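I opened a new page for this structure. My plan was to look up a sheet first and aromatic rings after that.

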Amino acid sequence: MPLTKLQFKPGVNRETTSYSNEGGWFDCDKVRFRFGYPEKIGGWEKYSPTYFLGSCRALHPWIGLDGSRYIGVGTHLKYYINEGGGYNDITPIRLTTAAGDVTFTASSNQLGADVAIDASVIVLASTSGFPNSGRIKVDNEIITYSGISGNDLTGCVRGQNSTTAATHTSGTVVNCATLIVNDVAHGALQYDFVTYSGATSLGGQVTADILNQEYQITGIIDNDNYQIEAREVAAIVSITGTNGLNPTYVFADSSDSANGGASTVGAYQINTGLDTSITGTGWGAGTWSRGAWGSASSITTSGQQLRIWSHDNFGEDLLTCVRDGNIYYWDKTSGLGSRAVALSSLAGANATPTIAKQILISDQDRHIIAFGCDPENDIGTQDPLLIRFSSQESLTEWNSTPTNSAGDLRLSDGSEIVMALETRQQVLVFTDVSLHAMQYLGPPFTFGISSISENITVAGPLAAAAVEDNVFWMGREEFYVYGGAVQRIPCTVRDYVFDDINTGQFGKVTAATNTAYTEVWWFYPSSSSDECDRYVVFNYQQQIWYYGTLERTKWVDRGIDSYPISASTDHALYYQEIGFDDGSVNPPAGISAYIESSQVDITDGEHFMFIRRMIPDMTFRNSSNPTPTAVMTLEVRNYPGANYTNATNSSIVKTASVPVEQFTNNVNLRLRGRSMAFKIASTDTGVAWRLGSPRVEVRPDGRR
């Protein structure tokens with residue numbers, strides 16, 4: 001009987017129907033192509049066993065002059081430097097109070113009325129002096145609540161003894177972990193961080209050591225008061241886990257009646273940002289203080305309120321910038337125990353920008369460049385289209401004079417600068433509607449800028465990546481490449497991606513390169529998610545596309561490390577393309593990877609055909625599993641629009657501890673239909689596979 005070779009065009013095509021894409025691949029997950037053939041992608045394992053707080057959208061690896069390896073990690077809550085696997089918090093301080101400006105009050109711990117507790121609600125006859133959120137301890141039960149409606153603590157998360165309803169009589173002591181902090185005009189936001197020093201005991205359970213540590217603010221009461229939750233002494237980084245903070249709470253009692261003394265000092269870190277984009281029109285939308293008071297504001301680009309950091313090295317030191325915020329400097333010689341400080345606070349700072357969308361340092365000429373910043377004659381007022389640069393080799397000299405190379409440029413197209421990206425020869429600057437090239441000219445002009453393209457879009461401030469003299473980026477409806485001229489990239493999965501993307505979270509789209517496999521990846525949130533849970537890949541060498549599911553918020557290519565490094569939604573960093581398994585769990589789990597073809601006519605015409613046998617062609621080279629397996633599935637249809645029949649047959653293809661060229665010889669089947677689809681999948685640990693050209697044996701049925 002004749003053997004039919006199953007050969008498919010490389011890449012995935014979702015722009016046509018499955019039947020019209022005969023001879024191609026139609027669906028996949030965690031599969032890539034090399035030399036035209038599909039294979040399972042590499043696995044991942046944790047970079048370090050510790051976690052960071054917040055959603056990470058900025059990673060920057062570099063090496064100090066002494067050989068120390070660092071990774072800058074910017075989240076919507078903090079900025080860390082990871083060194084040796086540990087996270088060192090260098091988040092800048094925005095305000096340090098005078099001694100005595102901060103006082104504490106333990107929440108009401110004696111209720112003068114009955115307390116009724118059932119499976120979901122605590123009912124109080126009186127809520128006087130009780131905070132509207134926090135944690136309370138009734139007898140042996142710890143209860144977390146998020147708000148009070150009337151006299152009910154609703155939204156409770158019950159702890160111990162949660163299945164037993166109880167009624168506590170008048171006078172029952174209810175211990176509360178929530179402390180009310182008074183600091184006039186504190187300027188803090190919910191989820192901000194503050195470190196106290198100089199405080200004395202409240203007189204009971206809340207000792208001085210408990211007060212004198214870093215806290216996250218759990219609620220804002222008004223401009224002068226907020227609340228924290230007392231906990232046992234522990235560094236924030238030591239109680240940070242995959243679900244955020246995991247402290248051991250301390251519950252005040254009736255003895256905690258003092259206020260912490262007259263020497264308490266509060267050191268407030270810069271306000272935290274949002275981990276989601278907010279779009280809309282009207283008062284309160286967009287960046288604060290833009291336009292006349294009360295005027296409407298229309299958000300036309302994503303990421304204006306999403307916390308995104310930009311960062312670059314000045315030698316072995318680090319410059320960071322909060323998008324639409326200040327620029328900060330971390331001095332490596334001060335050590336990992338020191339925090340970044342505002343660039344404008346350095347000695348000799350002259351006309352330094354205090355608000356910008358992004359910063360970078362031009363490698364060839366050593367200028368610090370700030371994009372979408374405040375002009376030197378109006379410090380503090382942001383111009384979203386202004387570009388300023390410092391004098392060459394200077395951190396602090398930004399005032400342009402005839403004797404230095406500081407200066408500025410202003411773009412004329414668009415409403416704001418979305419992002420900038422350095423290439424080998426120039427800096428590309430994206431606005432919301434155009435692309436510009438910024439080049440070093442030397443004195444007296446220093447830099448010049450020219451328009452490259454108009455009527456283009458970019459999805460967000462992280463959506464472009466440079467590789468091999470080309471820049472690739474995702475727009476709002478298509479993909480682009482620039483290599484001397486802007487071109488739209490033909491995309492065979494375009495509708496699949498843009499029909500299922502959360503357009504309200506375009507600012508989270510992040511581009512990444514994986515040069516070992518000549519790939520550009522884009523991670524994006526699907527329409528049913530607010531966080532990046534999908535990816536699409538363009539292989540620029542083979543000019544093909546494929547996609548899959550993977551929760552990653554940032555990715556940097558291999559460089560100072562041998563593997564790419566990514567940040568996940570579980571608040572951990574991972575080495576990518578290492579091993580073959582999912583290392584986010586212990587022990588590692590198998591990766592579910594598959595690829596499925598479009599329909600293939602078994603023979604020409606309308607004849608039914610029998611499939612009697614399949615000869616696999618695949619390799620399990622480098623698998624760590626001694627008996628690697630994959631499942632091959634043939635599915636048959638009688639008509640293009642019909643369901644696959646129940647004649648689907650799967651067979652396990654195996655290799656043992658033998659040369660990888662030896663496979664299962666053949667698999668006997670008994671299928672009948674006019675067309676078929678082919679699928680290969682694997683879920684076991686330690687499995688690496690690559691598909692070749694399987695063959696099937698068919699014979700005519702003779703019927704139509």
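The entries below cover strand pairing, ring pairs and charges over rings in this predicted model.

**Sheet.** I looked up an open sheet and found four strands in the order β6-β7-β8-β9, with antiparallel pairing. Its edge strands are β6 (56-63) and β9 (86-89), each paired on one side only. From one strand to the next, the twist averages 25 degrees. I then checked β8 (residues 79-83), which pairs with β9 in the antiparallel sense over four bridges. Opposite I81 I found N88 in β9.

**Ring pairs.** I noted a count of 31 aromatic pairs. For F8 and F678, the ring centres are 6.4 Å apart and the planes lie at 15 degrees; stacked means under 30 degrees, so I entered the pair as stacked. F8 is in the loop between β1 (3-5) and β2 (25-29), while F678 is in strand β61 (residues 675-682), 670 residues apart. I looked up burial too: F8 has a relative accessible area of 14% and is buried, and F678 is buried at 1%.

Next I took F472 and F538, whose ring centres are 5.9 Å apart with planes at 55 degrees, so this pair is tilted. The two are 66 residues apart, F472 in strand β42 (residues 470-474) and F538 in strand β47 (residues 534-539). F472 is buried at 3% relative accessibility, and F538 is buried at 2%. Both belong to one aromatic cluster with F479, F498, W522, Y540 and W545.

**Charges over rings.** I found the charged end of K78 over the ring of F193, 4.0 Å from its centre. R231 lies over the face of Y215, 4.8 Å from the ring centre.

Note on methods. Residues are numbered from 1 along each chain as its sequence is written. This is a predicted model: local features need pLDDT of at least 70, side-chain atom pairs count only at pLDDT 80 or more; totals for chains, interfaces and linings use all residues. Side-chain values use heavy atoms; hydrogens and water are left out. Two strands pair if DSSP finds at least two bridges between them. Axes are lines fitted to C-alpha atoms, for helices over the stretch in contact, and angles run from 0 to 180 degrees between N-to-C directions. Rings of Phe, Tyr and Trp (its six-membered ring) pair if their centres lie within 6.5 Å; planes under 30 degrees apart count as stacked, over 60 as edge-to-face and the rest as tilted. Buried means under 20% relative accessible area, exposed over 50%, partly exposed in between (1.4 Å probe, protein chains only). A charge sits over a ring if NZ of Lys or CZ of Arg is within 6 Å of the ring centre and within 35 degrees of the ring normal.
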